[in-house]
Amino acid sequence: MQRALPMQPTVVLLKEGTDTSQGTPQLLSNISACLAIAQTLSTTLGPRGMDKLIVSDRGEAQITNDGATILKLLDIVHPAARTLVDIARAQDAEVGDGTTSVVLLAAQLLKEIRGYIEEGVSPHIIMKGFRKASQLEIPLTSTKMCLDIDVLETHPFRKALLF
């Protein structure tokens, strides 16, 4: 017969004032934090992208419309938003560009699933859907991302434009 071990108390060390919420409200809070970051960056993208004036704690001002620089200058403390910043930094380190696009793409995915979370759909089901979508998408983009077209031949060129 196996002897039962005495129950050990669970000790959790958190900073004072740490939010310990769980479940759906926490998921929605995480999504909102990520959307706030994306909203900050969204106005910097494109030909009419606006510059941001960021003033540090020491009073130093910087003006930029570069997503990587803005994310570096912002003091982001929310864990989920911090993860979004880490994704952007990884993109910058790997490719050297596209940090704003990565943040906006991730935020748009989160924005789309927010309604499902509010309706009570399990995050596991949502992740299954994302995995299935990526499995269906990868073969399509690997074959149809690049086309060799002779612009002098109007029919193939027109067909590619209407694709």
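**Reasoning about a predicted model**

User: How many residues apart are Glu-118 and Arg-114 in helix α4, and what does this make of their separation?

Analyst: Glu-118 and Arg-114 stand four residues apart in helix α4, so about one helical turn separates them. The model considered here is a predicted one.

User: What makes the contact between Glu-118 and Arg-114 a salt bridge?

Analyst: The closest N and O atoms of Glu-118 and Arg-114 are 4.0 Å apart. The rule asks for a side-chain nitrogen of Lys or Arg within 4 Å of a carboxyl oxygen of Asp or Glu, so the pair is counted. Side chains of opposite charge can pair when their charged atoms come close.

User: Are these two residues buried or exposed, and how do you know?

Analyst: Glu-118 has a relative accessible area of 52%, and because exposed means over 50%, Glu-118 is exposed. Arg-114 has 24% relative accessibility, a value between the 20% and 50% limits, and therefore counts as partly exposed.

User: How many salt bridges does the rule give, and which residue pairs with Arg-58?

Analyst: The count comes to two salt bridges. Arg-58 pairs with Glu-60, with 3.5 Å between the closest N and O atoms; that value is within 4 Å, so the contact qualifies. Arg-58 is exposed because its relative accessibility is 69%, against a limit of 50%. Glu-60, at 45%, falls between the two limits and is therefore partly exposed.

User: Where else does Glu-60 appear, and what is the volume of that pocket?

Analyst: Glu-60 is one of the residues lining the second largest pocket, together with others including Ile-54, Ser-56, Asp-57 and Gln-62. This pocket holds about 220 Å³ of space. Strands β1 (52-55) and β2 (61-64) each supply at least two of its lining residues.

User: What is the character of the lining of the second largest pocket, and of the largest pocket?

Analyst: In the second largest pocket, the lining divides into five nonpolar, two polar and three charged residues. In the largest pocket, the lining has 15 nonpolar, two polar and no charged residues.

User: Which residues lie nearest the centre of the largest pocket, and which elements contribute to its lining?

Analyst: Of the 17 lining residues, Ile-31, Leu-110, Ile-113, Met-127 and Phe-130 lie nearest the centre. Helices α1 (24-42), α3 (79-94), α4 (99-119) and α5 (123-144) each give two or more residues to the lining. Helix α4 gives the most, with five. The space in this pocket is about 370 Å³.

User: Why is Leu-162 called exposed, and where is it found?

Analyst: Leu-162 has 71% relative accessibility, and exposed means over 50%, so the label applies. Leu-162 is found in the segment after α6 (154-161). Leu-162 also belongs to a nonpolar surface patch with Ile-149, Phe-157 and Leu-161, and together these residues have about 410 Å² of accessible area.

User: Why is Asp-92 placed in its accessibility class, and what is the distance from Asp-92 to Ala-68?

Analyst: Asp-92 has a relative accessible area of 32%, which is not under 20% and not over 50%, and therefore Asp-92 is partly exposed. Asp-92 sits in helix α3. Its C-alpha atom is 7.2 Å from that of Ala-68, although the two are 24 residues apart along the chain.

User: What overall pattern does the chain follow, and what share of it is buried?

Analyst: The chain has six helices and two strands, in the order α-β-β-α-α-α-α-α along the sequence. Buried residues make up 20% of the 163 residues.

Note on methods. Residues are numbered from 1 along each chain as its sequence is written. This is a predicted model: local features need pLDDT of at least 70, side-chain atom pairs count only at pLDDT 80 or more; totals for chains, interfaces and linings use all residues. Side-chain values use heavy atoms; hydrogens and water are left out. Patches are made of residues with over 30% relative accessible area and no salt bridge: like charges are joined within 9 Å, nonpolar side chains (Val, Leu, Ile, Met, Phe, Trp, Tyr) within 5 Å. Accessible areas come from the Shrake-Rupley method with a 1.4 Å probe; for residues, only the protein chains shown count as cover. Buried means under 20% relative accessible area, exposed over 50%, partly exposed in between (1.4 Å probe, protein chains only). On a 1 Å grid over the protein atoms alone, a cavity is a set of points where a 1.4 Å probe fits but cannot get out, and a pocket is an open set with protein on both sides within 12 Å along at least five of seven lines; lining residues have an atom within 4 Å of a point. Grid points are joined across faces, edges and corners, and a volume is the space filled by probe spheres set on the points. Ala, Val, Leu, Ile, Met, Phe, Trp, Tyr, Cys and Pro count as nonpolar, Asp, Glu, Lys and Arg as charged, and the others, Gly among them, as polar.
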